[in-house]
Amino acid sequence: MDKVVIHTDGACRGNPGPGGWGAILASGNHEKELYGAESETTNNRMELIAAIMALESLKRSCDVTLATDSVYLKKGMTEWLRNWKRRDWKTSGKKPVKNKDLWQRLEKAVERHRLRWRWIKGHSGHPENERADQLANRAIDEMLS
């Protein structure tokens, strides 16, 4: 099974507002950058989309380490998802889970891989996290120009 390390980030100018996402996928000597933007979105949606697009781009099952600076993304997948599903997509406060569409899509994208989630502190000089952030912001800039 191929080992892949993915670094993702989302960005938003205004929340909601124009947003972008970036992902760097590395396996052995190979590296790929992905990025995209939406005109009206939120930072959390962009964090989720970055992970989804990176995982969906893999052509076969892989052993993946996904590094993110989003506590929302990491905790959502490793702690909250199980209970949301058990409660029919409601939070502990009985409110509908935000971004249910993306959580479900991400869950499906994860199924075929062996995945480890890794949180890294954002904007702290981590090279790949900084690059993913730059890709997300480039996507917004290109969309707005």
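Two strands count as paired if DSSP finds at least two bridges between them. The exercises below apply this criterion to a predicted model.

**Exercise 1.** Determine how S2 and S3 pair, and which residue of S3 stands opposite Ala 23.

*Solution.* Strand S3 covers residues 30-41 and joins S2 over 10 bridges, in the antiparallel sense. Within this pairing, Ala 23 faces Leu 34 of S3. The hairpin of the two strands has 2 residues between them, and Gly 28 adopts a positive phi near 60° there.

**Exercise 2.** Identify the residues that stand opposite His 7 in S2 and in S4.

*Solution.* Begin with S1 (residues 2-12), which runs antiparallel to S2 and is joined to it by 8 bridges. On that side, His 7 is set opposite Ile 24. Next, consider S4 (residues 62-68), which pairs with S1 in the parallel sense over 7 bridges. There the bridge partner of His 7 is Ala 67.

**Exercise 3.** State the strand order of the sheet and explain why one side of S3 and of S5 is left without a neighbour.

*Solution.* The open sheet consists of 5 strands in the order S3-S2-S1-S4-S5, with mixed pairing. S3 and S5 (114-119) stand at the edges and have a single partner strand each, so one side of each lacks a neighbour in the sheet.

**Exercise 4.** Establish why S2 is described as largely enclosed.

*Solution.* A residue is buried when its relative accessible area is under 20%. In S2 (residues 17-27), 9 of the 11 residues are buried; therefore the strand is largely enclosed by the rest of the structure. Helix H4 (residues 127-144) lies across S1, S2 and S3, at about 140° to S2.

Key:
Residues are numbered from 1 along each chain as its sequence is written. This is a predicted model: local features need pLDDT of at least 70, side-chain atom pairs count only at pLDDT 80 or more; totals for chains, interfaces and linings use all residues. Side-chain values use heavy atoms; hydrogens and water are left out. Buried means under 20% relative accessible area, exposed over 50%, partly exposed in between (1.4 Å probe, protein chains only). Helices (H or I, at least four residues) and strands (E, at least two) are DSSP runs, numbered from the N terminus. Contact means heavy atoms within 4.5 Å. Axes are lines fitted to C-alpha atoms, for helices over the stretch in contact, and angles run from 0 to 180 degrees between N-to-C directions.
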